[in-house]
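This report introduces selected features of one structure to a new reader. The sequence and structure come first, and the description follows.

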Amino acid sequence: MKLFIASDIHGSAVFCREMLAAYDREKADRLLLLGDILYHGPRNDLPEGYAPKEVIVLLNERRRDILCVRGNCDTEVDQMVLQFPILADYALLEVEGRVLFATHGHHYNTQTPPPLKKGDILLHGHTHVPAWENHGEYWYLNPGSVSIPKENTARGYMTLTDGVFRWKALDGKEYHVIESLE
């Protein structure tokens with residue numbers, strides 16, 4: 001199974017379209033969204049192409065492909081218009097014998113990690129900065145942001161296939177890969 005992992009769309013129809021084009025190009029089996037889907041939040045400027053109603057339509061068309069966790073900008077009102085579950089704080093996935101703890105990052109993060117076993121993966125967005133850090137007991141991975149990247153990083157996503165994690169810009173250009181989390 002190939003996972004396409006993205007976070008922090010923040011209502012940008014422009015970059016949601018680019019993300020979905022990348023998803024199609026990657027021929028992934030599932031789209032894992034790490035929250036902050038429709039609203040830009042009070043700390044962010046409006047992203048380019050801010051059009052949450054268009055994002056709703058774009059994502060609802062893919063509802064059978066999407067797994068999603070709730071971000072700090074996602075609400076029950078958003079769940080009323082999105083046709084896939086978005087309000088879980090985290091999801092647990094098994095990846096080659098490891099637990100992948102997928103969350104947004106505003107509750108569980110490297111400062112307040114969930115209970116993880118050695119070798120497990122903490123996967124979250126929220127910071128808008130891509131990351132791949134070995135924290136000794138666990139790995140912390142972050143795809144960055146689709147629409148509002150920070151610290152001069154690219155708008156991007158990650159893929160996971162056969163235990164290999166790849167970080168890519170929305171145009172598909174790969175800029176980091178981890179073939180083994182040892």
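Contact here means heavy atoms within 4.5 Å. The model described is predicted.

## The sheet

Six strands make up an open sheet with mixed pairing, in the order β3-β2-β1-β9-β10-β11. At the edges are β3 (66–68) and β11, each of which pairs on one side only. From one strand to the next, the twist averages 20°.

Within this sheet, β1 and strand β9 (residues 156–161) run antiparallel and are joined by four bridges. Lys-2 has Thr-161 of β9 as its bridge partner.

## The hairpin of β10 and β11

Strand β10 (residues 164–169) is also antiparallel to its partner, strand β11 (residues 174–178), and four bridges join the two. Opposite Lys-168 stands Glu-174 in β11.

The two strands β10 and β11 form a hairpin, with four residues between them. In the turn, Gly-172 has a positive phi of about 95°.

## Helix α1 against the sheet and against α2

Helix α1 lies across four strands of the sheet: β1, β2 (30–33), β9 and β10. Its direction is at about 165° to β1.

Helix α1 (residues 13–26) also meets helix α2 (residues 52–60): their axes come within 9 Å and cross at roughly 15°. Angles under 35 degrees count as roughly parallel, so α1 and α2 are roughly parallel to each other. Their crossing is left-handed. On the α1 side, the contact is made by Ala-13, Cys-16, Arg-17, Met-19 and Leu-20, and on the α2 side by Glu-54, Val-55, Leu-58 and Leu-59. Sorted by class, this contact has seven nonpolar residues, two charged ones and no polar ones.

## Gly-11 in the loop before α1

The loop between β1 (2–6) and α1 contains Gly-11. Is this residue, Gly-11, buried or exposed? Gly-11 has a relative accessible area of 0%. Buried means under 20% relative accessible area, so Gly-11 is buried.

Which residues is Gly-11 in contact with, leaving aside its neighbours within four places in sequence? They are Ile-37, Leu-38, Tyr-39, Gly-49, Tyr-50, Ala-51, Pro-52 and Val-55. One of these, Val-55, also belongs to the α2 side of the contact with α1. Further along the chain, Cys-73 is 62 residues from Gly-11, and the C-alpha atoms of the two are separated by 10 Å.

Definitions and conventions
Residues are numbered from 1 along each chain as its sequence is written. This is a predicted model: local features need pLDDT of at least 70, side-chain atom pairs count only at pLDDT 80 or more; totals for chains, interfaces and linings use all residues. Side-chain values use heavy atoms; hydrogens and water are left out. Two strands pair if DSSP finds at least two bridges between them. Axes are lines fitted to C-alpha atoms, for helices over the stretch in contact, and angles run from 0 to 180 degrees between N-to-C directions. Angles under 35 degrees count as roughly parallel, over 145 as roughly antiparallel, 65 to 115 as roughly perpendicular and the rest as oblique. A crossing is left-handed if the near helix is turned anticlockwise from the far one by less than a right angle, and right-handed if clockwise. Ala, Val, Leu, Ile, Met, Phe, Trp, Tyr, Cys and Pro count as nonpolar, Asp, Glu, Lys and Arg as charged, and the others, Gly among them, as polar. Buried means under 20% relative accessible area, exposed over 50%, partly exposed in between (1.4 Å probe, protein chains only).
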